[in-house]
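Thanks, everyone, for making the time; I would like to walk you through one model this morning, beginning with where its two chains meet and then turning to a sheet. Please have the structure open while I talk.

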Amino acid sequence: MSKKLGSVLLGKLYGGGVAREHREWRGVKDTWYDYTEWLKTWKTLVTFTAKPNNIKGFFRYRWMLNYLAVPDFFDRHTEGMRGTQLRMAHMGLGLIVRDMCDMVTTIFKADPEIGNDTKLNSKIVLFDENMMSEIMSGFPNLTWLSVEVPSIYTSAMMSQKGVSHYLDVCEAYGIPSDVCPMPAAELGVVIDNDFPKIGKCAVQCNTTCDGSAMGNGIQSQFMDIPSFQLAVPIRHRQESVQEYAAEEIKNAIRFIEEQTGEKFDWEYFFSCMKRFNKETEHMLDWFDISTTDYPQMIGVNLALYRYGVYQAAGGRNEEFLTTDKKLSKLARDAFNKKELTVTEPRHRAITWGVQAAYYTALPVWLQNCWGIVPLCDMLSLVSTKMIDTEDKEQAMLDLAYLYENMIMRNRSNGGYETGVEALWRYCEYFHADMVIMYAHMGCKAMSGYHGLFEEEARKHGIHLIWVTHGLMQPQDASRKEMRMEVNRYMRTVLREEPLDPSLEDYDDSMCW
Amino acid sequence: MKDLKHLYYFENLLQEANNDLVRQAVEEGKTAIGSVCSQIPEPLLNLPGCFSVRLRAPRTGSIDMGTYYMTSLLCECARALLERALEGGYNFLDCILAPDACSQMNRCVENIEKLELCKKETFFVEYADVPMKSDETALRHYVRQMKEHLLLPLHNSFGVDISDEALRKAVEEHNEICCLLNEIGSYRKEENPRITGYEFAVFCLASYACPKYLLVDKLKETVKELKARKPDKKNRFRARVVLIGSEVDDLDLIKLIEESGAMVVADRFCFGSFPGRELIPMNSSEDALLQICRFYMTSGQCPRFMNTEKIKERKEYVDRLAKEYKADGLIYQQMKFCDYWGYERANATHIMRETYGYPVLSVDRPYVVGGSGQLRTRTQAFVESIEMKKLQNTIEKGGAANE
């Protein structure tokens, strides 16, 4: 008992409080592995907290409180996992956490209110959250940072109500409550004076949506540093926009050069892009495995790790490629051994639309409760085009294409072909029979296709399950309400019984 | 004031998207081009043999079907347009030339296209990527986009003349309409204006919704009529406001504001005359398309322009208008669910109030507002607050004089 997948009634872990009733017993080997990884997480956190700047930062910034929930974050995202899956989760997410700790440490070191390292500050270029960092791969002497990532993006993932305060601040300023909560919360941090005032200059981008572009504009008014707005074409599938996209990238590079006095280092850039290309190859290998009956790198293991590699690491951090190799080996070995990721895989699903930041662990629940295998998520289905590492002009065009296809914006922008049609192609590629359709209430770009999704899903014979959520605002649609929508479909349309009945209805409204 | 001779005629035209003048132009064999955004230069849609109609959904009732396709969380204007298309209201169109500007309007057009709601056999939709910044790089992009996604499709599908001369002629005709409207609108500057904001808005809106060449005569007559028109002895308005914000094609909003006591002296919104009816300056040395695009890019006041200079410029522009038209206050309005104006309205409300010192009313609204008691109450309260402020200023000045 317990060593096997699905041998524990996981819903029993929830007693209605902030933390679970007790830790999950996964059999001796896996429990020991999980426990040692849990200790490592604490070691990372204690090492982080031991630095005086970080302690000051902890008391200065409200959003830092969310990081008390890091160990719980791991538990949530490894629930029910055994063997290879468990190891992949700790390996990938563990690296993300360490990378995040380094980023926050650097932020506090440079922060005039805390470490006040002016030399470091003069080398920092702030990037907009949701904007990939690859341009900075040409500036080895500069530091790329995004304050919004730790303050908002990952905060909301750690603790479900982690950014509600900033949304309130934003609404009190006058921003309507119907806009996407992500740029709204980011703006809330700025208005609330909880945005570390660091950096020599900033680059902002029209990343995901209209709201995001607008939030940036107001943010720039509050920042005391020069900012450049990178306007990436919206209709990014058109050939006629590529030249302009590359020109804009060059303009951004020129801006950074002018502000920092640094020169774009092509040699370093190419070496980073070679690494980035190798990372893309690994991802393609994982996708390849996911088309078979024994998918391995799936669900949260793929999604959360891939965001870090693709957007933040940008080929500059060797450790990500090393981890990629390890993950690929684990995945290939498990595939060869025909390991299953759930006791009884009943449906092969793609999650489409943007996931709820406060419930990134939903795919884990889908696996455990209903045997739905979340093969891939929309945000991971980004550009797989390799960056040219010899021809400078071509490299700029490739880099521009990469920016046009950043996470989320590659689907929210670009029109019907990218937002809707691509989904059916991926369903075919992954042999998926189901789509978990995240309906983020503030995402106008995807909501505009609602009827077309329904009609097309019927035509393609795909089960389309709508899961409504509020992205960073669980008050709008709680985790439980999200699960209820899946439950309803599974019960009434498919007439199936859950694999783990204890997970069908439980209360986690008070949890982190 | 005595009623303007053609006002009723123009009001009637605005009751339908496919109105008498649109039908007349179609019967004359002209190509009907649907437009949904100010970022596609109007002269390019009004080349020889073509006329543009900015899509509207007048007398909108239920938008249930539009809501099914686009959910209840999207802008009502986009949903209403889709609903009208589902009802067959845009069957007269030969094409829609749309920018991918705001995602909600883009989705509306995509739904129209994918659901095949416009029935002409040759009907097509073309999307252009329009700039979000105002600089030389963006201008080159704009020109290319207009060439490849607007002029060439028009030429290839309908044989439209897209030569430099044709473009210049289109600008000339566009400017003629703008001149007439500017002359009509200039009377709003008067202390006791001989035209109301609503009356002007009727003429201005018609210029977006009807073939322009069919409006010229009546606008000329109106200009002549206005020269001799006498305002009421007592001005019925208690305040003068600039109306700013997202698209307004339901003139009941302006009527409601004016019934509440505030005259709309300047209209800085989509379908308004600022900057939409400003003259396009042309020189003979540069390419016509380049000049047109440059004008639309530099004069554009849509919050979609995201560079810092443009963000500042938008507030300065409103300030300039308010001064020129002697406005007592500003009304920032936004269609509910509009991301662009949601942010711009909130931010500008702070800046225009705190930095520029204007009283500002900041409201969001549905697409159809005529019966909104809440909006009426808020506008009335705003007018009263302006009056109170004026009174306080007078007392303070009087006090200072006595001292």
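**The contact between the chains**

The contact draws 41 residues from chain A and 42 residues from chain B, where two residues are in contact if their C-beta atoms, placed from the backbone, lie within 7 Å. Bear in mind that this is a predicted model, in which local features need pLDDT of at least 70 and side-chain atom pairs count only at pLDDT 80 or more, while totals for chains, interfaces and linings use all residues. Residues are numbered from 1 along each chain as its sequence is written, and chains are lettered from A and ligands numbered from 1 in the order in which they are written.

Which elements of chain A supply at least two residues each to the side that touches chain B? They are α9 (210-222), β4 (227-230), α10 (242-260), α18 (444-447) and α19 (450-460), with helices (H or I, at least four residues) and strands (E, at least two) taken as DSSP runs numbered from the N terminus. Of these, α9(A) gives the most, with nine residues.

**The sheet**

β4 of chain A also belongs to an open sheet of four strands, ordered β2-β1-β3-β4 with parallel pairing, where two strands pair if DSSP finds at least two bridges between them. In chain A, β2 (143-145) and β4 are the edge strands, each pairing on one side only. Strand β3 (residues 201-205) of chain A runs parallel to β4(A) and is joined to it by four bridges, and A:V203 stands opposite A:F228 in β4(A).

**Confidence**

The predictor gives the complex an ipTM of 0.94 and a pTM of 0.95.
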